[in-house]
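Let's walk through this one together, from the overall fold down to a couple of individual residues. Have the viewer open as you read.

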Amino acid sequence: MRCPYCGNFNDKVIDSRTLANGSAIRRRRECTDCGYRFTSYERVEERPLMVVKKDGRRQPFDKEKLMRGIRRALEKRPVSGETIENLLNEIEDLAVMEGKKDSEISSARLGEIVLDILRRMDKVAYIRFASVYRHFENLEEFIAEIQKAEGEKK
C-alpha cells in the first residue's frame, strides 16, 4: 500500500479489526520509511448503494461528501477524528442495511440518519447540520429546532 505521506510502498500492519458485521476490515498501517500511520479498509465489492435524490436522480453513495458535511457541522467541536470516522462508519452501515433490498436509499432518509446520530452526539453539530439540511430560512425555524433538541434532553 502506498504511504499517503511519502509515497513509498513499504508499510506494516499494526492492527486489524473487523467492522460492519464482518463485511469490512479496518487496518492501521505504519510506513516503514517515514513512520507515518494511516488507515486502510478492505470490503467485499457489492452493488453500489445508490442515493435517490428528491428529483428522482440517482447518485452513488459518496462517503467523502457525507464526511465533508459532518466535518463542517463538527468544526471547532470537541470531537476527535477517530470519533468522526466511527460516526461515518455507523452511518454507512445503517444506510447499507436500510438499502440492502434494492441497493437504494432516499437522500431524505440518509439525512434523517445523520441527524439522529448527531442529535445524540453533539447538539450544536446537530443544529448546524439541520440548518443546512432542512434549509432554515428564518430565526423562528432555528429556535423551533433548538427547542425540539432541548426538549429531548429533559
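Helices and strands here are DSSP runs, numbered from the N terminus: a helix is H or I over at least four residues, a strand is E over at least two. With that in hand, the elements of the protein chain read β-β-β-β-β-α-α-β-α-α-α from the N terminus on, which comes to five helices and six strands. Bear in mind that you're looking at a predicted model, where local features need pLDDT of at least 70 and side-chain atom pairs count only at pLDDT 80 or more, while totals for chains, interfaces and linings use all residues. Residues are numbered from 1 along each chain as its sequence is written, and side-chain values use heavy atoms, with hydrogens and water left out.

First, some overall numbers. The C-alpha atoms of the protein chain fit a box of roughly 55 × 35 × 25 Å along the principal axes. The chain has 154 residues, of which 32% are buried; buried means under 20% relative accessible area, exposed over 50%, and partly exposed in between, using a 1.4 Å probe and protein chains only. As for contacts (heavy atoms within 4.5 Å), take those between residues at least 6 apart in sequence: 39% of them join residues at least 24 apart.

Now for the sheets. Strands of a sheet pair through backbone hydrogen bonds, either parallel or antiparallel. Here, two strands are said to pair if DSSP finds at least two bridges between them. One open sheet has three strands in the order β1-β2-β3, with antiparallel pairing. Its edge strands are β1 (11–19) and β3 (37–43), each pairing on one side only. From one strand to the next, the twist averages 25°. Strand β2 (residues 24–31) is joined to β3 by seven bridges, and these two run antiparallel. If you want a spot to click on, R28 has T39 in β3 as its bridge partner.

The other open sheet also has three strands, in the order β5-β4-β6, but with mixed pairing. β5 (58–60) and β6 (104–106) are the edge strands with a single partner each, so one side of each has no neighbour in the sheet. Direction ignored, neighbouring strands of this sheet are turned by 30° against each other on average. Strand β4 (residues 50–52) pairs with β5 in the antiparallel sense over three bridges, and V51 sits opposite Q59 in β5. Helix α3 packs on this sheet, touching β4 and β6, and its direction makes about 75° with that of β6.

That brings us to the helices. Axes are lines fitted to C-alpha atoms, for helices over the stretch in contact, and angles between N-to-C directions run from 0 to 180 degrees. Helix α2 (residues 81–98) packs against α3 at about 140°, with the axes 10 Å apart. That pair is therefore oblique, given that angles under 35 degrees count as roughly parallel, over 145 as roughly antiparallel, 65 to 115 as roughly perpendicular and the rest as oblique. On the α2 side, the residues include L87, I91 and L94, which meet a set in α3 that includes I113, V114 and I117.

What about α3 and α4? Their axes come within 7 Å and cross at roughly 160°, so the two helices are roughly antiparallel. Among the residues making the contact are G111, L115 and L118 of α3, along with Y126, F129 and Y133 of α4.

Between these two helices, is D122 buried or exposed? D122 is in the loop between α3 (107–121) and α4 (123–133), and because its relative accessibility is 8%, it counts as buried. Its side chain makes a polar contact of 3.1 Å with that of R77; such a contact is a pair of N or O atoms within 3.5 Å where, within protein, one must be able to donate a hydrogen and the other to accept it, and residues adjacent in sequence count only if both atoms are side-chain atoms. A polar atom of the D122 side chain also lies 3.1 Å from the backbone nitrogen of V124. Not counting residues up to four places away in sequence, D122 touches L74, R77, P78 and V79.

Finally, look at K63 in helix α1 (residues 63–73). With a relative accessible area of 17%, K63 is buried too. Leaving aside neighbours within four places in sequence, K63 is in contact with R43, E85, L88, N89 and E92.
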